[in-house]
Amino acid sequence: MAKPLTDQEKRRQISIRGIVGVENVAELKKGFNRHLHFTLVKDRNVATPRDYFFALAHTVRDHLVGRWIRTQQYYYEKCPKRVYYLSLEFYMGRTLQNTMINLGLQNACDEAIYQLGLDMEELEEIEEDAGLGNGGLGRLAACFLDSMATLGLAAYGYGIRYEYGIFNQKIRDGWQIEEADDWLRHGNPWEKARPEFMLPVHFYGRVENTEAGTKWIDTQVVLALPYDTPVPGYLNNTVNTMRLWSARAPNDFNLRDFNVGDYIQAVLDRNLAENISRVLYPNDNVAVQLNDTHPALAIPELMRIFVDIEKLPWSKAWEITQKTFAYTNHTVLPEALERWPVALVEKLLPRHLQIIYEINQKHLDKIAALFPKDVDRLRRMSLIEEEGGKRINMAHLCIVGSHAVNGVAKIHSDIVKTQVFKDFSELEPDKFQNKTNGITPRRWLLLCNPGLAELIAEKIGEDYVKDLSQLTKLNSFLGDDIFLREISKVKQENKLKFSQFLEKEYKVKINPSSMFDVQVKRIHEYKRQLLNCLHVVTMYNRIKKDPKKLFVPRTVIIGGKAAPGYHMAKLIIKLITSVAEVVNNDPVVGSKLKLIFLENYKVSLAEKVIPATDLSEQISTAGTEASGTGNMKFMLNGALTIGTMDGANVEMAEEAGEENLFIFGMRVEDVAALDKKGYEAKEYYEALPELKLAIDQIDKGFFSPKQPDLFKDLVNMLFYHDRFKVFADYEAYVKCQEKVSQLYMNPKAWNIMVLKNIAASGKFSSDRTIKEYARDIWNMEPSDIKISLSSEPSGGVNKANGK
């Protein structure tokens with residue numbers, strides 16, 4: 001096999017990464033050397049690779065700053081409507097390469113670094129992931145920021161600057177161990193602290209009713225210090241802001257005292273409240289999107305500012321508040337819907353609790369007037385739940401306080417309307433919408449899969465990067481054998497590169513021509529990593545039973561983190577690593593089957609594994625996965641999907657044709673019917689010999705000989721309280737996997753199906769999603785204006801596409 005081109009060589013052939021002008025390269029080298037000298041105070045004799053990374057990051061950042069300032073000036077002049085995306089998670093990953101791509105600097109930087117005798121890939125690997133999220137919801141927020149900037153929307157991401165990101169996962173003796181992710185220990189070159197905008201945030205205290213109105217007094221104060229990070233759009237000179245707030249205890253006074261003196265008063269003089277209300281009242285110039293219920297307290301907080309500080313009448317304040325907020329729901333699992341103890345809120349935020357009570361009272365009065373004597377409906381729709389200790393239902397607060405509520409895929413939005421929030425949608429059907437999730441093609445194609453991105457650009461031009469629907473043009477090449485072979489060659493190169501990475505990291509010999517079968521996502525019972533694991537055990541048993549029989553070789557890769565307190569999820573990881581231990585060391589199996597648990601799955605690891613995947617596992621129980629976005633990343637990168645009719649899989653099948661995905665298992669109606677009848681796991685166990693064998697092996701210690709009863713809790717769960725019905729889909733799953741193997745033996749047919757999937761993935765761009773939010777919820781129009789970089793007031797704007 002020909003040695004694959006290095007990324008360096010590949011990038012030098014690629015057009016969509018910007019022009020390499022001689023001046024450009026010289027300027028970048030100059031900037032690099034300047035930062036090494038003046039910012040890092042090093043010379044080439046003593047500089048470390050990390051110093052070189054920081055020098056490059058600062059050089060690239062220099063190219064952002066002018067655009068960043070100019071964008072904010074432009075917004076100030078034009079006063080467009082602004083959208084604030086409130087999210088407790090922004091899972092950004094690394095910033096360097098994404099910034100180079102969006103500024104059109106990638107090739108010039110590559111060349112500059114090459115001429116300086118350094119290795120670009122090595123420098124990129126030094127950057128820490130900004131791991132300020134757990135998974136899909138936080139990564140979605142990051143994709144949305146990229147799309148909002150690319151679409152020229154005046155958008156701001158607001159969140160929290162966690163000092164520690166999501167934990168680093170280490171696997172020790174097959175178990176997950178958590179280590180702190182001290183992502184800031186070397187500093188963050190992309191953020192700018194803004195101490196001049198520091199604000200006091202009040203907690204505790206008590207509420208006093210005075211003639212001048214309600215006062216919240218005797219509070220304790222925490223200072224909020226904002227850090228701004230630039231968010232560049234793709235080649236349009238727009239640079240938006242992500243503002244993350246860091247909590248600071250005022251060090252010059254005791255938190256226990258209220259007497260914090262003049263300092264707080266000086267800050268209060270130009271309180272955020274003034275700014276918010278000046279923009280909002282009476283103008284309709286701000287939209288706030290709540291990314292799930294985590295930022296729900298924004299609703300009572302805005303009411304407090306309006307009513308207590310700005311002295312607006314309640315009805316006016318409520319009207320503006322409702323018009324301002326919109327809420328995105330991300331889950332239908334009841335245990336994931338937030339319910340906050342009233343006692344906690346009463347202690348921490350007594351005024352906010354009062355406001356929530358008042359919102360609830362007015363809301364229930366309205367329901368009682370519409371449905372007299374329907375006490376049960378009042379109980380179901382109340383913001384306050386009484387059973388088992390008083391709790392605030394945060395989703396109900398968000399629905400009542402917003403003018404729009406959306407789910408994140410068609411099937412999910414239907415479940416939200418007809419089941420989870422049925423009473424609310426019957427009352428206000430027009431409030432409920434669907435906005436199917438999407439992913440940014442900049443990070444999830446150009447950045448992570450340059451070979452494929454370039455191949456596509458050669459065939460259909462480069463405009464697809466900003467208009468992913470153009471991928472349908474690829475359908476004209478389904479009969480082009482050379483193109484199909486090139487697609488396959490890119491996949492093969494990505495697999496070879498990832499194999500080398502795996503062998504280095506895991507010391508397991510990988511067969512790069514085996515099918516790479518990948519499931520990467522948080523470890524959770526509803527995502528059914530157990531079903532995947534049972535299939536691996538079944539394949540193992542088949543090989544052992546008849547080693548001479550033809551077997552399509554597979555490398556099964558499972559990765560993801562378990563919540564630290566989630567015992568069952570951690571046991572699932574231990575099972576996977578225990579099965580891997582047996583399978584990977586059995587000489588009879590050899591290179592036919594390997595199982596790898598991918599340690600510490602995160603954004604930068606996703607960027608490596610997704611382009612190398614042949615088969616994407618999206619196998620949640622129908623009706624449990626709100627949308628999924630990993631499924632979309634795999635589809636765009638030329639993997640085929642095995643999955644249930646759940647989340648966005650349904651729409652992927654709609655776009656590509658169900659026959660071009662490997663769909664199996666129960667549908668939502670089947671799950672409901674089985675619930676009604678009663679799910680008896682034992683029946684499947686008795687009826688299916690291969691399932692029985694696999695479960696018996698797990699139960700009797702075949703995979704844990706030193707601790708035969710290690711997995712008894714897990715087996716017991718599968719038999720007696722498996723809400724996600726693993727056994728019910730086992731037979732259909734295994735049969736479907738046989739169809740996958742069959743197709744894999746026919747490379748041409750496989751590659752045609754791959755191309756059909758890539759061509760059908762255009763709908764799943766976050767650009768499309770954000771256009772829908774802008775038009776249907778925020779009442780904003782995306783713009784393809786390329787902001788002029790001259791500093792005089794902008795008469796000079798030009799269309800981003802107009803050359």
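Student: Which residues of α5 are buried?
Tutor: The model is predicted, so treat each value as computed from it. Buried means under 20% relative accessible area. In α5, the residues that pass are Q106, N107, A108, C109, D110, E111, A112 and I113.

Student: How many of the 10 residues of helix α5 are buried?
Tutor: Helix α5 covers residues 106–115. The rest of the structure largely encloses this helix. That is because the buried share is 8 of the 10.

Student: Which residue just after α5 takes a positive phi?
Tutor: Look just past the end of α5. The phi there is about 75 degrees, and the residue is G117.

Student: Which residues of helix α16 are buried?
Tutor: Helix α16 runs over residues 410–420. Apply the cut-off of under 20% relative accessible area. The residues buried in this helix are I411, H412, S413, I415 and V416.

Student: What do the buried residues of α16 pack against?
Tutor: Take the strands among the partners: β18 (405–407) and β19 (432–434). Then add the helices. With α16, these are α17, α25 (649–656) and α26 (668–677).

Student: How many salt bridges does the count come to?
Tutor: Side chains of opposite charge can pair when their charged atoms come close. Here the cut-off is a nitrogen within 4 Å of a carboxyl oxygen. By this rule the count is 58.

Student: Which side chain meets R206 in a salt bridge?
Tutor: The N to O distance is 2.8 Å. That is a salt bridge because the cut-off is within 4 Å. The partner of R206 is D218.

Student: How many residues apart are R206 and D218?
Tutor: R206 belongs to strand β9 (residues 206–210). D218 sits in the loop between β10 (213–217) and β11 (220–232). The pair links distant parts of the chain, and its separation is 12 residues.

Student: Why are K422 and E426 separated by about one helical turn?
Tutor: Their side chains meet in a salt bridge at 3.1 Å, N to O. An α-helix has 3.6 residues a turn, so residues three or four places apart point the same way. K422 and E426 lie in helix α17 (residues 422–427), and their separation is 4 residues.

Student: At 41% relative accessibility, what does K422 count as?
Tutor: Buried is under 20% and exposed is over 50%. E426, at 44%, falls in between. K422, at 41%, also counts as partly exposed.

Student: Which side chain meets R542 in a salt bridge?
Tutor: The N to O distance is 2.7 Å. The partner of R542 is E690.

Student: How many residues apart are R542 and E690?
Tutor: R542 lies in helix α21 (residues 529–545). E690 lies in helix α28 (residues 689–700). The pair links distant parts of the chain, with a separation of 148 residues.

Student: Which residues do salt bridges that share partners join into one network?
Tutor: K422 and E426, the pair from helix α17, both belong to this network. Shared partners make the link. The full list is D374, D376, R377, R379, R380, K422, D423 and E426.

Student: What volume does the largest cavity have?
Tutor: Rolling a probe the size of a water molecule over the atoms shows where empty space is left. The count comes to 5 cavities of 30 Å³ or more. The largest has a volume of about 250 Å³.

Student: Which residues lie nearest the centre of the largest cavity?
Tutor: The lining has 23 residues. They divide into 12 nonpolar, 6 polar and 5 charged. Nearest the centre are E127, E128, W183, N188 and W190.

Student: Which element gives the largest share of the lining of the largest cavity?
Tutor: The elements giving two or more residues are α3 (49–78), β2 (90–93), β3 (130–132) and β12 (239–248). The largest share is 3 residues, and it comes from α3.

Student: What volume does the second largest cavity have?
Tutor: α4 (96–102), α7 (136–150) and β11 each supply at least two residues of its lining. That lining divides into 7 nonpolar, 4 polar and 4 charged residues. The volume is about 150 Å³.

Student: Which residues have the most contacts inside the largest nonpolar core?
Tutor: In soluble globular proteins, nonpolar side chains tend to be buried together. The largest core here has 132 residues. Those with the most contacts inside it are Y464, L474, L593 and F727.

Student: How many residues are in the second, separate core?
Tutor: This core includes V342, I355, M394 and F421. Its size is 44 residues.

Terms used. Residues are numbered from 1 along each chain as its sequence is written. This is a predicted model: local features need pLDDT of at least 70, side-chain atom pairs count only at pLDDT 80 or more; totals for chains, interfaces and linings use all residues. Side-chain values use heavy atoms; hydrogens and water are left out. Buried means under 20% relative accessible area, exposed over 50%, partly exposed in between (1.4 Å probe, protein chains only). Contact means heavy atoms within 4.5 Å. On a 1 Å grid over the protein atoms alone, a cavity is a set of points where a 1.4 Å probe fits but cannot get out, and a pocket is an open set with protein on both sides within 12 Å along at least five of seven lines; lining residues have an atom within 4 Å of a point. Grid points are joined across faces, edges and corners, and a volume is the space filled by probe spheres set on the points. Ala, Val, Leu, Ile, Met, Phe, Trp, Tyr, Cys and Pro count as nonpolar, Asp, Glu, Lys and Arg as charged, and the others, Gly among them, as polar. A nonpolar core is a set of buried Ala, Val, Leu, Ile, Met, Phe, Trp, Tyr and Cys residues joined through side-chain atoms within 4.5 Å.
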